[in-house]
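Me: I am in my first year and would like to learn how to read a protein model with care. Could we go through one together, step by step?

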Amino acid sequence: MSSLFPPETPKPTPKVADTTLTVQNLSVDYVGRRGLVKAVRGVSFDLAHGETLSLIGESGSGKTTLGLTLIRLLPRAARIREGRIVYRRDGDEFDVLALKPGELRQFRWKECAMVFQSALNALNPVLRIAEQFEDTAKAHGTSRTQETSQRALELLRLVKLDPERVLHSYPHELSGGMRQRVLFAMSLLLDPQLIILDEPTTALDILTQRAIIDILRQLRQEMEFSLLFISHDLSLAAELADRVATMYAGAIVEVGDVYETFYRPQHPYTMGLIKAVPTVTGDMQALASISGSPPDLVNLPPGCKFHPRCAYATGRCREEEPILVTVAPGHLAACWYAGQGGVTP
Amino acid sequence: MSSLISLQHVSRTFRQANRIVKAVDNVSLDINEGEIVCLVGESGCGKTTTGKMIAGLLRPTGGEVLFEGKDIWAMGRDFKRYRQAVQIIHQDPYASLNPVHQVSRILSAPLLRHGLVANQAAVPGRLRELLGIVDMTPPEDFLDKYPHQLSGGQRQRVSVARALTVHPRFIVADEAVSMVDVSIRVSLLNMLTRLKNELGVTFLFITHDLALAKYFAWQGRIAVMYLGRLIEVALTPRLVNDPLHPYSKALLSAVPEADPRITRTKQRVQLRSLDVPSLLNLPPGCNFHPRCPLFEPGVCDKVVPELVDMGDGRYVACHVIAK
C-alpha cells in the first residue's frame with residue numbers, strides 16, 4: 001500500500017504508532033442563504049488501531065458532516081475552515097486534507113471505506129452485485145477478476161449471505177438487510193484499515209438489525225480495522241463501541257470509554273440522552289426529555305451551546321464556551337462543572 | 001363486557017398486479033374504554049393496516065370492526081359519530097399537516113366543519129386551549145406558524161391537537177414519535193399519557209420499538225403481530241419480562257439496549273433463518289415456522305395456530321407453547 005502514494009512527511013513516533021486516525025481542530029461550514037451553517041466546530045479525536053468509536057448525537061449535531069469530511073466527500077456548499085486529518089498505516093503518515101485527486105481516490109475504499117445510511121441508494125440499481133464488486137476493484141487498480149470474485153465470495157459468506165445467489169442478483173431483488181450486508185462485504189473488499197458506518201441499521205427491522213450487529217462484532221474479531229460508527233441510537237453505541245463521543249451543535253462535548261460514558265456521564269447533554277431512552281429489560285424506569293430544541297447552527301448561542309437547554313447552566317455557561325478537559329483517565333467532557341461533583345444526574 | 005373497539009376475525013388483502021397480498025389475516029382483538037394497547041411488530045407485519053382499519057380509513061376484506069358493538073361499515077347515520085370518536089395520528093407530521101396552512105387554520109377547520117364551537121368568535125379561545133393541552137405555550141407564538149416553521153416535535157404536537165379538536169374517545173397513534181429526536185420523544189409520550197389520564201382517551205399505540213411500547217403501555221397490554229397475524233397478547237409487564245411465543249422471545253432478546261452491561265450479556269434466541277418470508281408467498285401453517293427454534297414438523301408447517309387463552313391473561317398462537 002505504501003507504494004501507492006509516497007509519504008511526504010513520514011514521521012512515526014512511538015506515541016502515535018498504533019493510532020490510525022488523528023483529527024485535530026476540524027471545523028466545517030456550509031454556505032447557506034442565511035449565512036454560514038457551522039456544522040462541525042473544532043473537533044479533535046484519535047482513533048486507535050482496531051478500535052470502535054461511536055459518535056452519538058441528535059440529527060443536525062454534525063455527525064454525518066464529520067464522517068463525510070474524513071473521506072472528503074463533502075457537498076459543494078461545504079468549506080473546511082480549519083483543521084487537520086492525519087491517517088497512518090504501517091508507520092507512514094498521510095495528511096488527508098492535502099491528498100491530490102488521484103491519491104484521494106486510492107485513499108477512499110482502499111484505506112477508508114464508508115457505508116451510508118441508505119443501502120439501496122448506495123448500490124447501482126442496473127448492475128448485478130458481482131459487477132459492482134468488480135467495478136469497485138477495477139476503480140482502485142485491482143484488475144484480477146478471478147481474485148476479486150474469489151474475495152467477493154469469501155466476504156459474502158462472512159456476512160452470512162448465500163454468495164452464489166447474491167452475486168447474480170440485482171439490488172432490488174435483495175431485502176434491506178441483505179443490501180446492507182452486501183455493502184459491508186464490499187467495503188471490506190480492498191481490506192481497508194478504517195471503516196465509517198453512518199446509521200448502518202436505522203431503517204432495518206429488529207431481527208435484521210441484530211443479525212447485522214452480530215456480523216459487525218464478528219468481523220471486528222476476525223479482521224483488523226478501526227470502526228467509526230455514527231448513530232443517533234444510543235443502544236447501538238452500547239452494543240458495539242469501545243469508546244463513545246457525544247456531539248452537540250457540531251462539537252464533541254464528551255468522549256470516553258463506553259462503560260464510563262454510560263454509567264458515569266459527565267456532560268449534562270449525554271446524561272439527558274441516556275435518561276431519555278427506555279430499556280426493554282427490567283422494570284419501568286423514570287425517563288425525562290431534554291427541554292427545548294437543538295440550536296440554530298447559523299446563530300449559535302454564546303457560551304456553552306447547550307446552556308439554553310441545560311438545567312444546571314450558570315452565568316459562566318452563558319458567556320464562556322467550555323473546552324474538553326480530562327475528568328477521569330481517558331474521559332473528557334466540555335462542561336464547566338464536569339468532574340467537580342457540581343452536576344449530578 | 002362491551003369493548004369500545006372490537007376486531008372480529010378481521011382480514012385485509014391487497015391486489016398487487018395479479019397477485020394477492022394478505023396484509024392482515026384473521027385478527028381478533030378487543031380494546032376497552034380507557035385502555036392502552038400497543039401493537040408491535042416489524043415492518044410489513046400489518047400493524048399500520050390494522051390501525052387504518054380501526055380508524056375507518058380502510059375497509060376490511062373479511063371480518064368486522066365493531067365500535068361500541070356495532071359494525072362500523074353498517075352503521076348508517078352513526079358512522080359520523082364514530083368517525084369523530086376515533087382519530088389517527090400518523091408517523092410523519094410533515095406529510096400529514098397541510099404545508100400552506102397556518103396552525104390556526106389547521107386546528108380551526110375541524111372545529112368549524114363539525115360545528116364544535118358555538119360561533120366564529122369562540123374559535124380563538126378553543127385554539128388556545130388545545131395548544132395548551134399539547135404543551136405549546138404561549139399559544140400566541142404558534143398560531144401563525146406554518147408547519148415548516150415548527151420543529152418535528154412541535155409538528156407532532158399540532159397533529160395531536162388537531163386530533164383532539166373533535167373530542168375523540170379513541171386515538172390510533174401510528175409510530176407517532178418515531179420521527180422525533182430521542183431527546184424529546186419522552187416528552188411527547190408523557191403528553192399522550194396525560195391525555196389518557198386526564199381526558200380518558202383510549203389508545204392504540206403502533207410501534208416497532210419494544211422499549212417505547214413498554215414505556216407507554218406499562219399499564220396496558222402489548223399485542224405482537226407477525227406477517228399479518230396476532231401471535232401474542234398479554235399485559236405489558238408480563239409480555240416484556242416473560243414472553244411466551246418464540247417470535248416475541250426472539251424480538252425481545254434481539255433488541256439492543258442503551259446499557260452496555262445489559263446489552264452485551266443478554267441471552268439471544270437463535271433463529272433457524274434470517275430471511276423474512278415474502279407476503280406474496282407465505283409459508284403454510286404457522287408463518288413463523290421456517291425461522292422458529294421450536295419448529296415441530298408435521299404440525300407447525302401444516303396447521304395455522306389459533307390465539308389460545310393460556311389462563312393467566314396471556315394469549316399465544318403457537319402449537320408448541322400451547323400444548
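The questions and answers that follow go through two chains of a predicted model.

Me: Is strand 3 of chain A largely enclosed or open, and how many of its residues are buried?
Reply: A residue is called buried if 20 or more other C-beta atoms lie within 10 Å of its own. On one side of strand 3 of chain A, Thr52(A), Ser54(A) and Ile56(A) are buried, and on the other side Leu53(A) and Leu55(A) are buried as well, so that both faces are covered. Strand 3 of chain A, residues 52-56, is therefore largely enclosed by the rest of the structure, and the number of its buried residues is five of the five.

Me: Why do the residues of a strand fall into two sets, one for each side?
Reply: Neighbouring side chains along a regular strand do not point the same way, because in such a strand they alternate between the two faces of the sheet. In strand 3 of chain A, one set is Thr52(A), Ser54(A) and Ile56(A), and the other set is Leu53(A) and Leu55(A).

Me: Which residue is the bridge partner of Ile56(A) in strand 9 of chain A?
Reply: Strand 3 of chain A is joined by four bridges to strand 8 of chain A, residues 226-230, and these two run parallel; there Leu53(A) has Leu228(A) as its bridge partner. Four bridges also link strand 3 of chain A with strand 9 of chain A, residues 243-248, again in the parallel sense. In strand 9 of chain A, the partner of Ile56(A) is Thr246(A).

Me: Which residue in strand 2 of chain A stands opposite Val23(A)?
Reply: Four strands of chain A form an open sheet with antiparallel pairing, in the order 2-1-4-5, and its edge strands are strand 2 and strand 5 of chain A. Strand 1 of chain A, residues 19-32, is joined to strand 2 of chain A by ten bridges. Across this pairing, the residue opposite Val23(A) is Phe45(A).

Me: What angle does the direction of helix 1 of chain A make with that of strand 2 of chain A?
Reply: Helix 1 of chain A, residues 63-70, packs on the sheet and touches strand 1, strand 2 and strand 4 of chain A. Its direction and that of strand 2 of chain A make an angle of about 65°.

Me: Which are the edge strands of the eight-stranded sheet in chain B?
Reply: This open sheet has mixed pairing and the order 6-7-8-3-9-10-12-11. An edge strand pairs on one side only, and in this sheet the edge strands are strand 6 and strand 11 of chain B.

Me: How many residues of helix 1 of chain B are buried, and to which strand does the helix run at about 155°?
Reply: Helix 1 of chain B, residues 47-54, is mostly covered, with eight of its eight residues buried, including Lys47(B), Gly51(B) and Ile54(B). The helix lies across several strands, among them strand 3, strand 6 and strand 7 of chain B, and the strand to which it runs at about 155° is strand 8 of chain B.

Me: Which helix gives the largest share of the side of chain B that touches chain A?
Reply: In the contact between the chains, 35 residues of chain B meet 34 residues of chain A. Among the elements that give two or more residues to this side of chain B are helix 9, helix 11 and helix 12 of chain B. By class, this side has 21 nonpolar, seven polar and seven charged residues. The largest share, six residues, comes from helix 8 of chain B.

Key
Residues are numbered from 1 along each chain as its sequence is written. Chains are lettered from A and ligands numbered from 1 in the order in which they are written. This is a predicted model: local features need pLDDT of at least 70, side-chain atom pairs count only at pLDDT 80 or more; totals for chains, interfaces and linings use all residues. A residue is buried if 20 or more other C-beta atoms lie within 10 Å of its own, exposed if 12 or fewer, and partly exposed in between; C-beta atoms are placed from the backbone. Two strands pair if DSSP finds at least two bridges between them. Two residues are in contact if their C-beta atoms, placed from the backbone, lie within 7 Å. Ala, Val, Leu, Ile, Met, Phe, Trp, Tyr, Cys and Pro count as nonpolar, Asp, Glu, Lys and Arg as charged, and the others, Gly among them, as polar. Axes are lines fitted to C-alpha atoms, for helices over the stretch in contact, and angles run from 0 to 180 degrees between N-to-C directions.
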